[in-house]
Amino acid sequence: MRLSPDGISPAPRTEGDLLAINAAYESGMVFDGQLNMPVIDWRHYLEEVLDMHNSHQSFSARQRIRNRMGDSDNQVIWFTDTRPTDLTDPDEPRPREEFDQTWMALEVLHEWLMNIRANPEDGIAGNKPDAAVDSCFETNGDLIAEGENVWDGILDSSPAGACTTQFPTHTTSRMIAGGPIEGSIFKCTLKPVSTALTDGTYGSWNPTTEQVAELNAIFPQGVCDYGQPDQGRPGG
């Protein structure tokens, strides 16, 4: 993201295609948060082995659901620990057997669906079985914690919940740049670097004159204004 090897011109950039982004929305390829079924979002926790299945994606989906529906009562998040037992040698971490929570999740989902069939007037959230609650588990499948507050501190400013503390979720370069956790901006509106330097975009960073000049050289058209909606959203 810095300057090209000549030290003068910006590094080559790509630009989002609005027609392609519109098509992704309109075809249903983009999950917009509308959730009309019960969901248990269960994943192995793999952050410490640099797996591509970033744990924060569970909460990206949750935030999209909340943005669209006002709550996320139809979604439950489960994590199971799969970290290596020995990380002292980063080249040869010793793996441990992964517990598969799939059948447990299917049993809970089956009970949930049968409740909905028997009591459709109560809706999805009103038919949740007791086990359909945010939870996190040890490697052997033993419960660590459960309840509506176990993931506090990820999507709000509350103190970290029991599962949040046990399973740190990491961020992305876009989130560090100010983008929302739900990853809902595919083509951002730009604002001048001068605006970004005064509106809190860079936090407490106080750049030197040389650094400001470099920023302007790198981003001559401006930087992302994540306070504005996605340019590619139909009707946005």
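**Figure 1. K191 and D199 meet in a salt bridge.** In this predicted model, the side chains of K191 and D199 come within 2.7 Å, N to O. The two ends of the pair are set in unlike surroundings. K191 is buried, with a relative accessible area of 9%. D199 is partly exposed, at 41%. A search of the whole structure finds five salt bridges, and the next two views show others.

**Figure 2. D134 and R62 form a salt bridge.** The closest N and O atoms of D134 and R62 are 2.8 Å apart. D134 sits in the loop between α3 and β3, while R62 belongs to helix α2, so the pair ties together parts that are 72 residues apart in sequence. D134 is buried, with a relative accessible area of 8%. R62 is buried too, at 5%.

**Figure 3. D32 and R68 form a salt bridge.** Here the closest N and O atoms lie 2.3 Å apart. The pair links distant parts of the chain. D32 is in the loop between α1 (18-26) and β1, and R68 is in helix α2, 36 residues away. D32 is partly exposed, with a relative accessible area of 33%. R68 also counts as partly exposed, at 43%.

**Figure 4. D230 is buried and has no salt bridge.** The residue is found in the segment after β6 (223-225). The nearest side chain of opposite charge is R233, 5.5 Å away. A salt bridge needs the side-chain nitrogen within 4 Å of a carboxyl oxygen, so this pair does not qualify. The side chain of D230 instead makes a polar contact with the side chain of Y25, at 2.6 Å. Leaving aside neighbours within four places in sequence, D230 is in contact with I21, Y25, S184, I185, F186 and K187.

**Figure 5. Four strands form an open sheet.** The order is β1-β2-β3-β4, and the pairing is mixed. β1 (39-45) and β4 (143-146) stand at the edges with a single partner strand each, so one side of each has no neighbour in the sheet. Neighbouring strands are turned by 15° against each other on average, direction ignored.

**Figure 6. β2 pairs with β1 and β3 in the parallel sense.** Seven bridges join β1 to β2 (residues 75-81). Among the facing residues, R43 has F79 as its bridge partner in β2. H44 stands opposite T80. On the other pairing, three bridges join β2 to β3. There F79 stands opposite C136.

**Figure 7. Helices α2 and α3 pack on the sheet.** Helix α2 (residues 56-69) touches β1 and β2. Its direction makes about 170° with that of β2. Helix α3 (residues 102-118) touches β1, β2 and β3 (135-137). The direction of α3 makes about 170° with that of β1.

**Figure 8. Both faces of β2 are covered.** Seven of the seven residues of β2 are buried, so the strand is largely enclosed by the rest of the structure. Q75, I77, F79 and D81 are buried on one side. V76, W78 and T80 are buried on the other. Across the protein, 35% of the 236 residues count as buried.

Notes:
Residues are numbered from 1 along each chain as its sequence is written. This is a predicted model: local features need pLDDT of at least 70, side-chain atom pairs count only at pLDDT 80 or more; totals for chains, interfaces and linings use all residues. Side-chain values use heavy atoms; hydrogens and water are left out. Helices (H or I, at least four residues) and strands (E, at least two) are DSSP runs, numbered from the N terminus. Buried means under 20% relative accessible area, exposed over 50%, partly exposed in between (1.4 Å probe, protein chains only). Lys and Arg count as positive and Asp and Glu as negative; His and the chain ends are not counted. A polar contact is a pair of N or O atoms within 3.5 Å; within protein, one must be able to donate a hydrogen and the other to accept it, and residues adjacent in sequence count only if both atoms are side-chain atoms. Contact means heavy atoms within 4.5 Å. Two strands pair if DSSP finds at least two bridges between them. Axes are lines fitted to C-alpha atoms, for helices over the stretch in contact, and angles run from 0 to 180 degrees between N-to-C directions.
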